[in-house]
Structures are given as structure tokens and as C-alpha cells.
Amino acid sequence: MVWAGRLRALPLRILWGPRLRAWASTMAPPPRFFALELPGCTLAHFAVGTDAPGAPADPRVAALMATPGRSYSLCVPVAPGGDPGARVRAARLHQRLLQQLDRGPLKRCQLHRLLCYPPGGGAGTLQQGVLLHDPSDSPDTRRALLALLDSYLEAPRPSLGEFLVDDATRQLWQRRWELLDGQGWRQVEPEPVGPALEPDLHPAVPDLPSAGVFPHREAARAVLEACTAVIPEARAMLELVDRCPTRAQKGKFPVIVIEGLDATGKTTVTQAASESLKAVLLRSPPACVSQWREVFDDEPTIVRRAFYSLGNYIVASEIAEASARCPVIVDRYWHSTAAYAIATEVSGAVQHLPPAQHSVYQWPRDLLQPDLVLLLTVSPEERLRRIRGRGLEKTREETELEANSIFRQKVEECYRRMDNPGCREVDASPPREEVLRTVLSLIRTSCG
Ligand SMILES: Nc1ncnc2c1ncn2[C@@H]1O[C@H](COP(=O)(O)OP(=O)(O)OP(=O)(O)O)[C@@H](O)[C@H]1O
Ligand SMILES: Nc1ccn([C@@H]2O[C@H](COP(=O)(O)O)[C@@H](O)[C@H]2O)c(=O)n1
């Protein structure tokens, strides 16, 4: 491994002459594009293997990789076989990989979220992973990464690349590691790292309908069906869903959904409004599945959101039944499932979200629609005051929201972009009585 340490110091053009370059170009794999999440949730884009040797990469990428140490990319395809089973296996593998990076010598590496996609992108072509930066450039890190790859015996195996800086020209290169039959791990020829334009659509968006924002019940159902061998609770959940009518119909009374980030006052408002309107109060996920929530909250997005999506269909059958008798108030519904899924999967900040009117913001075609959706919003400071005032143990996601105001902004912006039905925003910062008055007045004017 000593030679590899020296390589960084050697001007790469000595190793990378024209003949070698010509040979490599005949063998070269297709170019790959990368979206790297940097501190502050900014995204830097770069390309590997395009015909751009010598061209400067994004200065932020160059700066990161030029800091003392060594950077590696580790990626897993999201849909190696295209079917839900393959997607679930790949997502669980990616989750396991992230957990493994938190141990041993790899723990000292700084991690940055990384997405890899081919030119043009498209559903099923994405790879998700991380860029690891080892500030100490220790050979133990490389050894640990190769040992980690060795522990993945079945496809899809993660792919490992190593970044190199040509000290003379400052050009960046990537060398992938490949497993050669009987010869162990070998590095393939370096490929140039060059600049890349930001794609029009964030590369994770084409996969959202199969990975967390399911456009119909069957799409979410197929995901849990694929999990039954490894998550016994998935079978129990499917049995409950399968007992619900495929197209639950709303009764003659109005159905009002209250949405918002944690601690914006949904519980307070839904309880008071349902008393005032003599309405049935329901919540998603429904009580009958809440005992499995912890299990699914520990799973990757695709499985977790399939659970919440199917929970919405169970609530739909409860709404259908209750709205035949009286008004119904619902604490969270599909908009929550979709908004959190989009905000989690789309790396970067608000400007990287899919544009308004994109199909991911459309209501699923087979899910009972409410008459009115109200989105409670409060300032970040007020929300934090309320979380602290409540004094309850914070869930992991709440902790993340608290720490990551950009994630919170993305969730809220997704709520605002939801369509058909869209959300009516209500400023929930005033005292409880005033918020309730506003909500009741909106319900009366909108639902008669
Ligand atoms: N208008 C208000 N003014 C001041 N405090 C409020 C107001 N509405 C709710 N609260 C308080 O803020 C805290 C969070 O409210 P609540 O539990 O209703 O929010 P929530 O949106 O249901 O939260 P979660 O989604 O996390 O369950 C509670 O302690 C509640 O008493
Ligand atoms: N329909 C829903 C409801 C909830 N979620 C997820 O649960 C989290 C919040 O739940 P609370 O009980 O704290 O209100 C939220 O972070 C969502 O991830 C969902 O996806 N769909």
C-alpha cells in the first residue's frame, strides 16, 4: 500500500501518458455524474470519466479533495433489478453500509452524502452513497474499506472509488477499485474528474414514485410484500390493508386534514376543533398500526414510507365510515408522508426540490380525498419553544428537525407545493383560542 501513498506526491502526468490515455479511452466505462452535499446543504456537481481532463472541477470539490487527507466514494445502485424486492435489498444495504462507516478506523472519516447518476439520469439509474474524507490519509482506512467490500458477497456490491490530486496540475482523478477473478482488489486506470452542470431536475426525483412517494396503493403494497421475509410486521400490516376497500368513498360530511411540522399545534387544534364541530377525530398512522411504527421508523425510506402510505389507506377506510355519520378531522394524512419522503430523499436545500406542479406533489389517484387541508405553520423559534415546553423525549426526526433547519424548510415547502388538494396555510403562532377561531372559520367558509 506504500506505493499508493506515494502516488499522490507523483505528478500524475508521468504515470498517465498519451499512450496509456488512448488505451484507457477504449476501455473506459461510461461517464458518471455526481451530486455532492457540502456543509450548509449546498450541492456541488462533478463528472468522472468525461472527455475533460485538465478542466477544473467545481472549486468546492477541488478544495475538499485538496485538503490534507484522502477522499473515497462509496456507492450502491438504488434499483439493481428494478423490482421492489431489489430496491428494498439495495436500500437496506445502503443503510447497513452507513452504519458500518460509523465504526473502527472509518469513524474518523468525514462523510458527505453523494449521489451518482449517468448522463441524462432517469428512474432506476441512480446510485446513492457517500464521499468519505480521511484527514489522516491512513492506509488503515483503505484496508477497512476493502474489507467492508469483501463482506458484501451478494449483488449489489457497493463500488469504491478513490480520488487523487495531481500535485503539479491540481487536476483531480478518480480510480475505482475492482475485484479481479482470483487476484483480489485492484485499482483500475485513473479517470479525470471534471466539472458538471447542475441537472434541471434533482437526480433522486425520477425514483421517488418507486422509493417513497407512492402514486397508488399497489406501489406501496409491493414494497411491504417484498419485506415480509425479513420484517414479520410487514405481513401483519398487509393483512390489515387488504381488509380495507380498494376505493374507500367519502360520506356526506366534510373531512378536514390538519398538517404541519412537529409541535406546530396539530394535536391541540384537532382536539379542540373536533370537540367544537362534534367531529370524529382520526390520525394517520392509525392506532391499529402504531405498535409497528418503531420497527418501520428504523428502516430505510422506501420501507418506512410504504408503511406510512399504507397507513393512509387504512385511515381512508376509517374516514369513509365516519364521514357517513358526522364531520371528520384528521391529524396528518398523505401530505405528511409525501412531504417528509421528498425532503429526505432530495439532498441539498429548498432550491433543489422538484418544481411546483411536479407529479410527486399530486394526490394518489386511489386515495380518498379530504375536503380541506390546513397547514399549521409557526416560526422556527416558536416551534422550538413549544418542543422544549412539552418536555417530552424527542424522536430522532424531531432532533433532526431541530438541528437541521434546512430540512424543516424543505418539508414545509413541499407541503406548500402539494396539489389537488393543496394546503391552506394557517399562522399557528397566536394563542390557542385565536388559532382555533381561524381554523373553525376556514372550515365553515370552505365546507359550508
Ligand atoms: N397556539 C399555541 N400557543 C402556544 N402553545 C401552543 C399552541 N398550540 C399548541 N401549543 C403547545 O405546543 C406544544 C406542541 O403542540 P401540539 O402537541 O399540539 O403539536 P403537534 O403539532 O401535535 O406536535 P406533534 O406533531 O409533535 O405531535 C404543546 O405543548 C402545546 O400545548
Ligand atoms: N401520515 C403520516 C404521518 C406521519 N408520518 C411520519 O411520522 C412523523 C411524524 O409523526 P408524529 O406522530 O410525530 O406526528 C413524520 O416525521 C413523518 O415522517 C408520515 O410519514 N405520514
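## A walk through the model, starting at ligand 1

Start by selecting ligand 1: of the 15 residues around it, G265, K266, T267, T268 and R386 come nearest. Keep in mind as you look that this is a predicted model.

With ligand 1 still on screen, color the helices next. Three of them, α10 (266-277), α14 (380-390) and α17 (432-447), each bring at least two residues to the shell around this ligand. Now color that shell by residue class. You should find six polar residues, five charged ones and four nonpolar ones.

**Next stop: ligand 2.** Which residues are closest to this one? Eleven residues surround ligand 2, and the closest are S284, Y308, S336, T337 and Y340. Select α12 (301-322) and α13 (334-345), since each of these helices supplies at least two residues of the shell around ligand 2. Which of the helices gives the most to that shell? That's α13, with three residues. By class, the shell around ligand 2 splits into four nonpolar, four polar and three charged residues.

**Stay with α12, and add α9.** You already have α12 selected, so bring up helix α9 (residues 232-242) as well. The axes of α9 and α12 come within 9 Å and cross at roughly 30 degrees. Angles under 35 degrees count as roughly parallel, and α9 and α12 are therefore roughly parallel to each other. Turn the view to look at how they cross: the crossing of α9 and α12 is left-handed.

Now show the side chains between the two helices. On the α9 side, pick M237, L240 and V241; on the α12 side, they meet F307, L310, Y313 and I314. What classes of residue make up this contact? Seven nonpolar residues, with no polar and no charged ones.

**Last stop: zoom out to the domains.** Give each domain its own color. The domain assignment splits the chain into domain 1 (2-195) and domain 2, which is made of two stretches, 212-354 and 361-447. Where they touch, the contact takes 15 residues from domain 1 and 13 residues from domain 2.

Look at the domain 1 side of that contact. Here β1 (32-38), β2 (42-48), α5 (84-100) and β4 (110-117) each supply at least two residues. Select α5 in particular: the largest share of this side, eight residues, comes from that helix. Color the side of domain 1 that touches domain 2 by class and you'll get seven nonpolar, four polar and four charged residues.

Technical notes: Residues numbered from 1 in each chain as written. Chains lettered and ligands numbered in written order. Predicted model: local features only at pLDDT ≥ 70, side-chain atom pairs only at ≥ 80, totals over all residues. Near = placed C-beta within 6 Å. Helix = DSSP H or I, 4+ residues; strand = E, 2+ residues; numbered from the N terminus. Nonpolar A, V, L, I, M, F, W, Y, C, P; charged D, E, K, R; others polar. Domains from an automatic or database assignment. Contact = placed C-beta atoms within 7 Å. Axes fitted to C-alpha atoms, helices over the stretch in contact; angles between N-to-C directions. Parallel < 35°, antiparallel > 145°, perpendicular 65-115°, else oblique. Left-handed = near helix turned anticlockwise from the far one by under 90°.
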